[in-house]
Amino acid sequence: MLFHWYLFAFLFILYFVSKIGNNRYHVYVAGEYEYRYKHFTSFAIIAALTYVAATRYERFIDTGAYIQGFLQTTADWDTVRDILQGNGKDKGFSVAVVGLKSLIGDHYRIYLGVVAGFCLLCVFSVYRKHSSNLFMTAFLFLASGEYVMWTHNGMRQFIAVSMVFAATNLLLKKKYPLYIAIVLFASTFHASALVMLPVDSAPPAAPSKKRRYTMYAALFALCLLAVAKTVSVWAAAGVVLAALFFYDQRTLRCVDYNLLLTFVGFFLFVGNLGALPAFRSFFQQILLGRELVCSVAVSQVISNVPAALLLSGFT
């Protein structure tokens, strides 16, 4: 593990400077008073950690791959359109890289610094608010290797984790709709953020209509992202099922599972049938010039949606 001894020395010096400058204040937490540090202290720590991350060795783990990807990125709208319409993953991160490069050009050190600074700002905003000893928290963040492994490596993952971690206060205040929106946005940088959606398994027993509608709007947005291939279809399906299980089990009980399984059977049947060479040749001969009549007839036999899936392979 890379050992930044000078960062530990910096924390030690900053600790005594903050003690002399009276850079703390009291807060009342759980029946007793605790110390919290003012913004200057956290900003000083963030600035030092960001500088080291921005000037790190270019070949440290996957830093070189991120730099190469940044330098090869073309900063124009066509690139953004290709990213959104393509089948690649982590589209939010790719679009963010395009936007950042349009502002800073090929200065990859600034790119590394901006990413590290944003992540550290998210993390230390929570540390400063909830830690009674910010310097011990920062020391553990460094000594445990988390700082090096996240800001010097795995940039996409750490951006997503940092955004979700910064939303901790929303969970504590039970502002679930906004929390869900942040998690969904973070998942466009790395899909692992989606595992944090059902993190609070004890929601209100009877959610209000407003919360229910907000949740369904967020799930609908997630489904649209899945249709646009921005997030994984399987991940989106898992999130929808988890959200319904934890927040609205009544909807799950009202689903007609017999009908649902029937449609699944139709889809499997249509998919396998359309893959048979003999059937494809036979059906193409029948369909040629009789598209309307055939589509009406097939939809009456296997229903509209399976018929549309079957015909899509021939029209």
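Colleague: Is Arg81 buried, partly exposed or exposed in this structure?
Modeller: The model is a predicted one. Arg81 has a relative accessibility of 39%. Buried would need under 20% and exposed over 50%, so Arg81 counts as partly exposed.

Colleague: Which residue forms a salt bridge with Arg81 from three residues away in helix H4?
Modeller: Helix H4 covers residues 77-85. Three residues is about one turn of this helix. The closest N and O atoms of the pair are 2.9 Å apart, and the partner of Arg81 is Asp78.

Colleague: How does Asp78 count, buried, partly exposed or exposed?
Modeller: The relative accessibility of Asp78 is 44%. The partly exposed class lies between 20% and 50%, so Asp78 counts as partly exposed.

Colleague: Which residues are joined into one network by salt bridges that share partners?
Modeller: Arg81 also forms a salt bridge with Asp82, where the closest N and O atoms are 4.0 Å apart. Asp82 has a relative accessible area of 48% and is partly exposed. Through shared partners, the salt bridges make one network of Asp78, Arg81 and Asp82.

Colleague: Are Glu34 and Arg36 buried or exposed?
Modeller: Glu34 and Arg36 form a salt bridge, with 3.0 Å between the closest N and O atoms. Buried means under 20% relative accessible area, and Glu34 and Arg36 are both buried.

Colleague: How many salt bridges are found in the whole structure?
Modeller: Side chains of opposite charge can pair when their charged atoms come close. Among the pairs found here are Glu34 with Arg36 and Asp78 with Arg81. For the whole structure, the number of salt bridges is six.

How values were computed
Residues numbered from 1 in each chain as written. Predicted model: local features only at pLDDT ≥ 70, side-chain atom pairs only at ≥ 80, totals over all residues. Heavy atoms only, no water. Salt bridge = Lys/Arg side-chain N within 4 Å of Asp/Glu carboxyl O. Buried < 20%, exposed > 50% of the residue type's maximum accessible area, 1.4 Å probe, protein only. Helix = DSSP H or I, 4+ residues; strand = E, 2+ residues; numbered from the N terminus.
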